[in-house]
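Please read the following briefing alongside the sequence and the model. The points are grouped by topic, so that each can be checked against the coordinates in turn.

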Amino acid sequence: MANAVLIKGGTVVTAEAETRADVLIQGEIITAVGPNLDAPAGARVLDAGGAYVIPGGIDPHTHMELPFMGTTTSEDFFTGTSAAVAGGTTTIIDFAIPNPGQSLIEAYQSWRGWAEKSVADYTFHVAVTWWNDKVREEMGVLCRDHGVNSFKHFMAYKGAIMADDEVLVNSFRRAAELGALCTVHAENGELVVQLQKQIFEAGISGPEGHPQSRPPMVEGEAAHRATRLAEALKVPLYVVHNSCIDALEAITRARLSGQIVFGEVLAQHLVIDDSVYYNKDWNTAAHYVMSPPFRSKEHQAALWRGLQAGMLQTTATDHCCFCTEQKRMGFGDFRKIPNGTGGVEDRMTVLWSHGVRTGKLSPSEFVAATSANAARIFNMYPRKGTIAVGADADVVIWDPEGTRLISKDTHHQKIDFNIYEGMTTTGVPAVTLSRGKVLWENGQLDVVRGAGKYVDRPCFAPFWQTQNTRNAHRLPVKVDR
Ligand code: URP
Ligand code: ZN
Ligand code: ZN
């Protein structure tokens, strides 16, 4: 008989409800959810008394082993998915990013190869960084044969992976045909380059030049442009790592006008503000260089409200680790500091502590924001993102009173600092199961290299086509004369 686990006495939380129920797992799947379940012979019984039982987290935005800005992120798929599990996250959506001119399939295959060492499940968005007929065709192949239903567009990083309007329009059109979801990093890449130059020439070479050259309107312009392009081309859109009021306004406007537009917020943008760039210690300030940058508290408050109001649906980390030595590549010129911060291990505890404990989010809203909404938006639901019969047994026993002092000295992430260093959080994963196996318990990891599986995500054509009738009044009108 397959390995069986019975989780007894907890409160099961899904995006819809909180219920006192036991959860029975057989093999990799949840086979029963209900009161007073009996343990099959030989089953392991886990006591969840006083705890919540929630779906394993889904982080829809990570970058393990990413070659970027002249170096490669320090976290690989083995260490990164292990750290994720220690934080209660059991699925990551990473990004396969071809260089301009490179085949999308070739890039996707490279990332698939690197990810084979993962200890928990993973899947990929594929970036569109250039355009020709081959890219068009390969988008179709990725959807049809490889379970890719989302394509990423970087509107920043000019001269590297930036998608200009020509790429955006062609790719959005193609995604609409395929029933795939377009995602964007919204920052105006041209403005960034010119503002960086201006600020550098004004004598600012330290990390404080980073946020000064990427003010909120740089992000707002791109978010508005992307949502308008998506409207014109009748394609759904997902805007990653919204950091400011300006981007939130673009998403809100689009949603209120009937568009299918989703927004992601990073845990770190909710709790860390832009004062970090003015630290006198260069290394400490550089640790926070990421794009879009940390913002003032006013923007943070708006992001919380956006999450509460449902204008932002997912929380992510953009886990993109560069160690101090790597950050120092930009000593003397902030434009060369590799962009990225970590936190795949910290997202859920930070969100519970600052979101649920403060009354901003209910436990069900926490589940929606940490797993269920990402599972729905990226078409993994109900296999992932819920506690239900037939779902993958990615389950976390969540101790709402447990505490953690976040530190580089105790985290499992492969990076020599932690952006939350010294923060004490309340609400921690006591036990994490990935497809029925206990991988985290009593503060210890018990993981197997390569045990993670690739998750296929089929396209959504029927759903999007139905929704696109919302734009029917904008169809062209011909007058017969
Ligand atoms: O600074 C960041 N966010 N680095 C990772 C790449 C990206 O833009 O998502
Ligand atoms: Zn980005
Ligand atoms: Zn990213």
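Glu-365 is a residue of helix α14, which spans residues 363-377, and with a relative accessibility of 37% it counts as partly exposed. From Glu-365 to Val-447 the C-alpha to C-alpha distance is 29 Å, while the two residues stand 82 apart in sequence. The model in which these positions are described is a predicted one, and the values below should be read with that in mind.

**The zinc ion (ligand 2)**

- On the protein side, the zinc ion (ligand 2) has as its donors His-185, through ND1, and His-241, through NE2, at distances of 2.0 to 2.1 Å.
- The angles subtended by the 4 donor atoms around the zinc ion (ligand 2) run from 57 to 147°, and the arrangement is irregular because of this spread.
- Since His-185 belongs to strand β14 (residues 181-185), whereas His-241 sits in the loop between β15 (237-239) and α8 (245-256), the pair ties together parts of the chain that are 56 residues apart in sequence.
- Both of these histidines, His-185 and His-241, are buried.

**The zinc ion (ligand 3)**

- The protein donors of the zinc ion (ligand 3) are the NE2 atoms of His-61 and His-63 together with a carboxyl oxygen (OD) of Asp-318, lying 2.0 to 2.2 Å from the ion.
- Along the chain, the donors of the zinc ion (ligand 3) are spaced as H-x1-H-x254-D.
- The site of the zinc ion (ligand 3) is likewise irregular, with angles of 84 to 132° among its 4 donor atoms.
- His-61 lies in strand β8 (residues 57-62) and Asp-318 in the loop between β17 (314-316) and α12 (324-327), so that this pair of donors ties together parts 257 residues apart in sequence.
- His-61 counts as buried at 0% relative accessibility, and Asp-318 is also buried, with a relative accessible area of 8%.
- A distance of 3.7 Å separates the zinc ion (ligand 3) from the zinc ion (ligand 2).

**Salt bridges**

- The structure holds 31 salt bridges, among them one between Asp-121 and Arg-435, whose closest N and O atoms are 2.8 Å apart.
- The Asp-121 and Arg-435 pair links distant parts of the chain, 314 residues apart, with Asp-121 in strand β12 (residues 121-127) and Arg-435 in the loop between β19 (424-434) and β20 (437-441).
- Asp-121 and Arg-435 are both buried.
- A further salt bridge joins Asp-145 to Arg-144, with 3.1 Å between the closest N and O atoms; here Asp-145 counts as partly exposed at 43% relative accessibility, and Arg-144 counts as exposed at 63%.
- The side chains of Asp-273 and Lys-297 also meet in a salt bridge, at 2.5 Å from N to O.
- Because Asp-273 lies in the loop between α9 (267-271) and α10 (282-286) and Lys-297 in helix α11 (residues 297-308), this salt bridge ties together parts that are 24 residues apart in sequence.
- Within that pair, Asp-273 counts as buried at 12% relative accessibility, whereas Lys-297 counts as exposed at 54%.
- Through shared partners, salt bridges join Glu-28, Asp-121, Arg-383, Lys-384, Asp-392, Asp-394, Arg-435 and Lys-453 into one network, and the buried residues Asp-121 and Arg-435 are thus listed among the members of that network.

**Helix packing and burial**

- Helix α4 (residues 165-178) packs against helix α7 (residues 216-233) at an angle of about 45°, and the axes of the two helices are 10 Å apart.
- At that angle, α4 and α7 are oblique to each other, and their crossing is right-handed.
- Helix α13 (residues 347-356) is largely enclosed by the rest of the structure, because 9 of its 10 residues are buried.
- The buried residues in α13 are Arg-347, Met-348, Thr-349, Val-350, Leu-351, Trp-352, Ser-353, Gly-355 and Val-356.

Note on methods: Residues numbered from 1 in each chain as written. Chains lettered and ligands numbered in written order. Predicted model: local features only at pLDDT ≥ 70, side-chain atom pairs only at ≥ 80, totals over all residues. Heavy atoms only, no water. Donors = N, O, S within 2.8 Å, 3.2 Å for Na, K, Ca; no water. Tetrahedral: all angles 85-135°; square planar, octahedral: opposite > 155°, others 65-115°. Helix = DSSP H or I, 4+ residues; strand = E, 2+ residues; numbered from the N terminus. Buried < 20%, exposed > 50% of the residue type's maximum accessible area, 1.4 Å probe, protein only. Salt bridge = Lys/Arg side-chain N within 4 Å of Asp/Glu carboxyl O. Axes fitted to C-alpha atoms, helices over the stretch in contact; angles between N-to-C directions. Parallel < 35°, antiparallel > 145°, perpendicular 65-115°, else oblique. Left-handed = near helix turned anticlockwise from the far one by under 90°.
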